Amino acid sequence: MGLAWYMGSGPQRRKRSGKDVGSRHDRAAKPRQDGVPVSDRILRPFRNDAHSCLRSRLVPRAARAQLAIAQGANIRPTSTELSKEILPHVPDASTPVIEVSDLHKSFGPLEVLRGVSMAAPKGHVVSLIGSSGSGKSTLLRCINLLEDSQQGGIIFEGEPISWRGEGANRRPADRIQVTRIRTNLSMVFQQFNLWAHLTILQNVMKAPVTVLKRNRADVEDAARRYLERVGIGDKCDAYPAQLSGGQQQRAAIARALCMEPRALLFDEPTSALDPELEQEVVKVIKSLAEEGRTMLLVTHDMTMARDVSDHVLFLHEGRIEEEGSPDALFDAPRTERLRQFLSHVRAA
Ligand SMILES: Nc1ncnc2c1ncn2[C@@H]1O[C@H](COP(=O)(O)OP(=O)(O)OP(=O)(O)O)[C@@H](O)[C@H]1O
Ligand SMILES: [Mg+2]
């Protein structure tokens, strides 16, 4: 009998390679004494066709419950679901997408971020400039929760990251929150990081399909649109090695956009490119800024920083040494360190 009785009347199975495979949760579902698995009992209110989509295992359980509530079904979410997914945080327009307060980060004895506070309001471009080793990439990685930080707050659309432990033992406490925030902050790296064995179209589609479980046909439409948008719509079937650096970086930007993120984080997106190819990417970044996308941009390109930014932060030895509008920072630097940095960059 095995799973067969369960598959017949239970939720849709997830199919891979033509075979039915149960999720870890499915396999763990134990029949009650009356022979009905716990998970099936939860879904019993949705037996009719109108609710069939709610039974799909491809829809997270909390989201199914949320839909059920919206449709007036008699189901109560658990407190865990309530805290994690059912009541998504709805920010108002004035809430910054990203806020960081007094953030500290060390690698062993090396203190890299020494109390950084900043905010990226919705629709704004904030650029981070500073000399090599000042902590720019580390700050982006901490914001995206790719690195742990030891002290201070990170707030995403008004929702503070919850932590457990302290100091060197501090870690994000909520796995679901981490996934939600990471998928809403798409990062573009200096070295593109495209999958060499996938075509450009497959690269762009991969995360929305596999991580966000979006409908493949819809994702393909969006992916083709974003590749057009960055000017490489004719490269869908090419592999990364068949593209120039500038084209690869534009593919990486299309991939980030296809996640439909709340903000884009760029870490030196043009620094691996020849000046000519660099301009192709600068053009795309400028057009994204004009579209009103929220972006946090680490760059060595002062012309781009000046052109696209609403606000510029100068990071020096792990602290924000000076910040302000591009005009104020580039035309009238107040600190000696920024003056020195700008004269070095201009001389280079
Ligand atoms: N994983 C790591 N382990 C140990 N030290 C690290 C690690 N990552 C970065 N660092 C150190 O942290 C400091 C800041 O590095 P980070 O990469 O943030 O600098 P940056 O401002 O981005 O520099 P660049 O302009 O060269 O990219 C450097 O001294 C670096 O050596
Ligand atoms: Mg860096």
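This passage looks at the surroundings of ligand 1 and at strand E11 with its neighbouring strands in a predicted model.

Start with the ligand. The shell around ligand 1 is made up of Phe107, Leu110, Val112, Gly130, Ser132, Gly133, Ser134, Gly135, Lys136, Ser137 and Thr138. Sorted by character, that comes to seven polar residues, three nonpolar ones and a single charged one. Two elements, strand E4 (110–120) and helix H7 (136–143), each put at least two residues into this shell. Of the contributors, H7 gives the most, with three residues.

Now for strand E11, which spans residues 263–267. Five of its five residues are buried, so the strand is largely enclosed by the rest of the structure. Burial holds on both faces: Ala263, Leu265 and Asp267 point one way, Leu264 and Phe266 point the other way, and all are buried.

E11 also has strand partners. Strand E10 (residues 185–188) runs parallel to E11 and is joined to it by four bridges. Within this pairing, Val188 has Phe266 of E11 as its bridge partner. Strand E12 (residues 295–298) is likewise parallel to E11, with four bridges joining the two. Phe266 turns up here as well, standing opposite Leu297 in E12. To get from E11 to E12, the chain passes through helix H12 (residues 275–290), and this β-α-β crossover is right-handed. Phe266 of E11 is thus a handy residue to look for in the structure: it is buried, it is the bridge partner of Val188, and it stands opposite Leu297 in E12.

Notes. Residues numbered from 1 in each chain as written. Chains lettered and ligands numbered in written order. Predicted model: local features only at pLDDT ≥ 70, side-chain atom pairs only at ≥ 80, totals over all residues. Near = placed C-beta within 6 Å. Nonpolar A, V, L, I, M, F, W, Y, C, P; charged D, E, K, R; others polar. Buried ≥ 20, exposed ≤ 12 C-beta atoms within 10 Å, placed from the backbone. Pairing = 2+ DSSP bridges. Right-handed = clockwise from strand over helix to strand, strands pointing away.
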